[in-house]
Amino acid sequence: MAAESNQQQRFVVEAREHLAALSAAIVELERGASDPAEQVARILRSAHSLKGGAGFSGLTTIERLSHAMETAVENVRDGRIAASAEVIDTLLFALDRLSALVDDAEHSQGADITAPLERLQPLVAAGEASTEPAKKISARQITPSQASSTPRTTTLAKSTAAVSEFPISPRVLETWERHASFLYGVKLDWFEAERDLGLSPLEVARRIERAGTSLDARMELTGLTLADGLPTPPLWYWTIVSSALPSEDFAQQLEIPCAAIVRLESVANKPQEKKPEGGAQAGPRGPAAGGSLRIPVTLIDRMMSLAGELVLVRNQAKRSTDAGVDTQRQLLRRLDALTNEMQDAALRMRMQPVGALFDRFPRLVRDLGRQLGKQIDLEIAGADVELDKTVLETLADPLTHLMRNCCDHGIETPDERGRAGKSPNGLIRLAARQERGQIVIQIKDDGRGLDRDAIKRKAMQQGVKQRDELDRMSEREVNELILLSGFSTASRVTDLSGRGVGMDVVRTNLEQIGGVVEIDSVFGEGATFTLRLPLTLAILPCLLMTSEGERFAIPLRDVEEVVLLRSETKARIECADHEEVLRLRGKLVPVMRLAEVLRRREPFSADTCAAIADRHHGQSAELTRGYVAILRFGALRFGMVVDDVLGSEEIVVKPLHPLLRRLGSYGAATILGDGRVVLILSCEGLARHSGIVHRQRREVRAELPAAAEAMETGALLLFRYGTAELFAVPLGDVRRIVSIRPEQIERVGEREMIAIDGTPTNVLRLDRFLRVSGFDESRGSFLILPRQAKAPAGFLASEIVDTPTLDLRLDDRAYRADGILGSGLILGQIAIFLDVFRLIAMWEIEHGVAPAALPGPSARKRVLVVEDTEFFRRLVTSYLAAEGWEVAAAGSGAEGLEKLNAESFDAVVSDIEMPVMDGLTLAREVRRDGRFDRLPMLALTSLSSEEDRRKARSAGFDAYEVKLNRETFLETIRSLLTSGRPAALVAGGAQHE
C-alpha cells in the first residue's frame, strides 16, 4: 500500500506539470500561434504522457478522460476538425475536469466524468470511421488477461518472442529512463507485414514511432545474403521501444497485428544493476549521474532552518573569538565562508522561477476576456526570475486579483476602445525583474485607468476621508485608496468584482511578506501596479541600531543612507509647520523619531506631531545628536532618528509572537550572536504609525539661491586617498563604505584582499592606476565598494570628506587620463572625478578577470546621448561604452536632431532641461518624422514628478529614468534596444505607464 501511495504521489506531481503545459498550449493555439502544428504536438505529448501515467498508477478515470482528449486533438492535427473557439472551450472544459481529478487523485475513481466525455464525443467521433478497422484488428490480438500478466515475461501477441531476444545495452537503459515509464520489445517479419497486411516498411516504422520512441533495432536475414540476391522469408526485425503507454494501449496504438510484443521492464520493477566484469563498481547512470532529484518540501525547509541556526552560531563565534590570534582568525574566516556557501545553497533550493506562477494567467485572461466580451492580449516577461517558494505561494492570490481587476475594470470593450481611438485588443503586460535586492513585478494595462475624481467621491461617501484631506493628498495616495477594505467604485456587484475585497487581499498578503504595492495611473490611458517583494523571508542583511538603550534591526534594502547629527555637520533637523524635517542636500525630508514611536502606543495625530516638534524645538530643547537613517518605503522617503548605529549583520528572521503582531511598527524578530532577541522594524509600519505616510509624499525642495536652481546638480561622494588630491564619484555608483584597519588587508599572490562580511574582497589602490600621491594611513582607512563589479572589489580611501549635492560643471581639458571623467571646482578646491567602472575594468584586465564578451560589429548597437551637462554626458557615455555599444553625444536637442538626420542610431537617451532645444521638443520633432517611427527614446532627467513623466510620455518618450541609477538605467536601455518600440506606439499611439 505504501508503494502504491508513493507511486500515486509521483503521478500527481508529474500530472500537474503536464496539465500546465496543456493549458498553455491550448491557449496559445487559440491565440493564433506562429506554429500551430507545434502547439498541437505539445498538447498531444502532454495528454499522451498524462494518460500513460494514470494507467500505470491504476487511475482509470483520469486515463479514460485523457484518452478521449488525446483522440479529439488527433482529429484536430489530422484536419478532421478545426481548432475553433467552441473546440477550444470543450478542450479547456475537459482540462478543468482533469485538473480536479488530479487534485483529488485518491478519490478520482468514483468521480463522474459523463459531462466532459459527452462534450468530447463529437470531436472523438470525427475520426472513428478511419480508425475503427485498425482498432478491431488490434483487439483480436490482445486480450485483457494477457495485458495484466506478469510484466517480465508476458507476450502480448499471437506470435512469440523471448525476453532474451532483446538485450538492453547501457545506452538504451540510460535513454529509456529519460523518456518514459515502459520499455517494450517488438518483433515482426517484414514479409508477413507486407504480404498479409499491406504494411510497407515505411508505414511500420511510422506506427512504431507513433506508439513510442525506438531506442535500438536490428534485422536478421535468412537464406541468401544480399550479395547473392534478394532475401527470402522470413526477414526478422527486432526493436526496443520506450513508451508512456501501458501494455494494452501500446498494442492498440502500434496497430501491427503480426508483431510479437514483450514488456521488458517498468520503472517500478527495474533489474538489479550488475557489476561490470573485473569486479569494478558500475558508475552512476541516468538521473543519478547528474540530473534532478525530487526532495520533500519539509526536508528543504528543515535545511533552511538549520542554515539559519548556523548563521547564528557564526555570529556568536565572531563575538567570542579573538581576531588578534592568527589561528582563530583563519578558523573564523573559514567558518564564515562555509556558512555563506551553505546559506546560499539552502536559499537556492527554495528558489523557484515566477514563470511557474505566471503560466496560469494566459488561461485566466482568455476566459475573462470571453466572459466579458473583451479582446485582451497578455504579454509576459521575466518569467525566469527566481523567488523564494514561500513568497511565491503568498503572491498567487494578489496577482490573480490584480489580473482580474485589469480585465474587468481596466480594459474596455472593443466599442469603447474604438471610440477612444485605441486598437480593439486591450493589452496587459506582466513583467518581473530583480532590482536592489528585491523582486519587482509590474502589471500594466492600456485600459481606462483610474478615475481619481470618482475615487474621491466614493471616499467621502463612505466617510474614509474628508474633502480637505483629499485635497492635500498626492495622486498616488488617492490611487491607493482602492486598497482599503470594502472600497470599490464599481456601479454594480458582479461575480468578478464590485465588493471591494480583491484589492484588500492584495495589500494584506503583501504586508505579510514585507512587500508593497505602488499604483500609478493616467485616466483614459491605463494603470500600472508595481509590487516590490523581498527575495527571501529567511535570512536578511540588516542594519543594527539603538534607541533608548534598546537594540533594533531594519532591513538594509529599506535603508538609503545614514546621516550623522553633530554640531559640526551641516545636517540639521528643523521644524516646519509643526512637523520635523531634515535639511539634506537641498531638500527637506520628513523625519520621525524612533524613541517617540516607542513611547506612544497609538498612531500619531497632527496634535501628537506638533507636541513632539515643540518638545525638541522649544526654547529649552537641546541639540539633537545621533543619527538619521534615510529610509524608503515605495515612493516615500523619510528619516528615522536613532541614538547609535552598530553596523550591519546578516540575521535569521523569526516570526513575531502573536501578541506583537498587532503592533505594525515591527515586522519580525531575530536572535543575535549574544543570544538576545531583537525586533526587526517595519519601514511601512513606522511610516504609518508616525503619520508620515499620510503627509505629502514628495520631498519638498528647500530654498536655494536662484542661480543654484538653474544648475544641473547631483549627489557626489568626496574622499581623499593621499595627502593632496580630492576625489569625487557619483554617489549612485557606491554600494557601501566600510571602515577597515590596515592590518586586516592580506596579500594573496599579486593581489591585496580583505574579508568583508565573509566575502574575500579585492583592495584597489588609486596610485596603481593614476599618477596621484600615495596612500595616507594617518587619516584612516576606508573601503569604497562600487556597484556591479564582476569580482568583489573596493577602492581604498584615507578620508571620507562629504556627500554633497552640487553643481556638476566638469572640465575634461585641464586633466586627462584613462579612468578620469574630468575635474571640477568643489567647495573651493579642485576635485578629480573618477570613472569608477573604467578603473575596475583596468584592474580586471590587469589581474586576469575575463571581461564580458563584446558584440560583433554587426550586432553592436549605436546610441545617441543628448545631454547639456558635461559630467552626465561623459558618465552616461562611459556606462554605455562599457556595455559594448557605440555612443555619440550631443550637447543640446538641436545638435541631437542634426546627428539623427545625418547618422543612423538604434536608440536615443535625452535629458529634458536643455538650452537651445529641450528634450520634450526634441522628442516631438523626432515623432513627427516617419523615419523614426521605430526609434526608441529614453528620457534621463533629474525631474521626478508624475506630471513630468506624463509630459515626457505625451511628447513621445518610451521610457523615463531619474538621474542616475546605473543598474536601472542600463536595464531600461537594454530592454529598449532588445525589444524596440511596441507595435501600438509605432502605429501612432502614446505610451502609458
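A polar contact here is a pair of N or O atoms within 3.5 Å, where one must be able to donate a hydrogen and the other to accept it. Keep that cut-off in mind for the first stop. What you have open is a predicted model.

**Stop 1: Arg417**

Select Arg417, then bring up Asn425. The Arg417 side chain reaches the backbone oxygen of Asn425 at 3.4 Å, and the cut-off is 3.5 Å. Zoom out a little and you'll find Arg417 in helix α17, which covers residues 414-419. Is Arg417 buried or exposed? Arg417 is buried, with a relative accessible area of 1%.

**Stop 2: the aromatic pairs**

There are four aromatic pairs in the structure, and we'll visit two of them.

Select Trp190 and Tyr237 and show their rings. The ring centres are 4.9 Å apart and the planes sit at 45°, so this pair is tilted. Colour by secondary structure: Trp190 belongs to helix α9 (residues 190-197) and Tyr237 to strand β3 (residues 232-243), so the pair ties together parts that are 47 residues apart in sequence. Turn on a surface and you'll be looking for two buried residues, Trp190 and Tyr237.

Now jump to Tyr721 and Phe775. Their ring centres lie 5.3 Å apart with the planes at 50°, so this pair is tilted too. Both partners come from loops: Tyr721 from the one between β24 (713-720) and β25 (726-730), Phe775 from the one between β29 (759-764) and β30 (782-786). The pair therefore ties together parts that are 54 residues apart in sequence. Tyr721 is buried, at 0% relative accessible area. Phe775 counts as buried as well, at 17%, because the cut-off for buried is under 20%.

**Stop 3: charges over rings**

Select Lys187 with Trp236. The charged end of Lys187 sits over the Trp236 ring, 4.5 Å from its centre. Next, pick Arg218 and Trp238. Here Arg218 lies over the face of Trp238, 4.2 Å from the ring centre.

**Stop 4: two glutamates with positive phi**

Go to Glu255 and check the backbone. Its phi is near 55°, a positive value in a residue other than glycine. You'll find Glu255 in the loop between α11 (247-254) and β4 (260-266). Glu255 is buried, with a relative accessible area of 12%.

Then select Glu548. Phi is near 55° for Glu548, again positive and again not in a glycine. Where does Glu548 sit? Look in the loop between β12 (539-547) and β13 (550-555). Glu548 is partly exposed, at 47% relative accessible area.

**Stop 5: salt bridges**

Side chains of opposite charge can pair when their charged atoms come close. How many salt bridges does the structure have? The count comes to 32, so pace yourself; three pairs and a network will do.

Begin with Glu971 and Arg433. Their side chains meet in a salt bridge at 3.7 Å, N to O. This pair links distant parts of the chain, with Glu971 in helix α31 (residues 966-979) and Arg433 in strand β8 (residues 426-435), 538 residues apart. Glu971 is partly exposed at 27% relative accessible area, and Arg433 is partly exposed at 23%.

Move on to Glu596 and Arg600. In this salt bridge the closest N and O atoms are 2.3 Å apart. Glu596 is buried, with a relative accessible area of 1%, whereas Arg600 is partly exposed, at 27%.

Next up are Asp958 and Arg927, whose side chains meet at 3.0 Å, N to O. Asp958 is in the loop between α30 (946-955) and β40 (959-962), while Arg927 is in helix α29 (residues 919-928); the two are 31 residues apart. Asp958 and Arg927 are buried.

Now select a group: Asp89, Asp96, Arg363, Arg366, Asp367 and Arg370. Salt bridges that share partners join these residues into one network.

**Stop 6: a nonpolar patch**

Finish on the surface. Select Ile295, Leu299 and Met349, which make a nonpolar surface patch of about 240 Å². To get your bearings, look for Leu299 in helix α12, residues 297-320.

Notes
Residues numbered from 1 in each chain as written. Predicted model: local features only at pLDDT ≥ 70, side-chain atom pairs only at ≥ 80, totals over all residues. Heavy atoms only, no water. Patch = residues over 30% accessible without salt bridge, like charges linked within 9 Å, V, L, I, M, F, W, Y side chains within 5 Å. Areas by Shrake-Rupley, 256 points an atom, 1.4 Å probe, with all protein chains shown as cover. Salt bridge = Lys/Arg side-chain N within 4 Å of Asp/Glu carboxyl O. Helix = DSSP H or I, 4+ residues; strand = E, 2+ residues; numbered from the N terminus. Phe/Tyr/Trp six-rings, centres within 6.5 Å; stacked < 30°, edge-to-face > 60°. Buried < 20%, exposed > 50% of the residue type's maximum accessible area, 1.4 Å probe, protein only. Lys NZ or Arg CZ within 6 Å of the ring centre and 35° of its normal.
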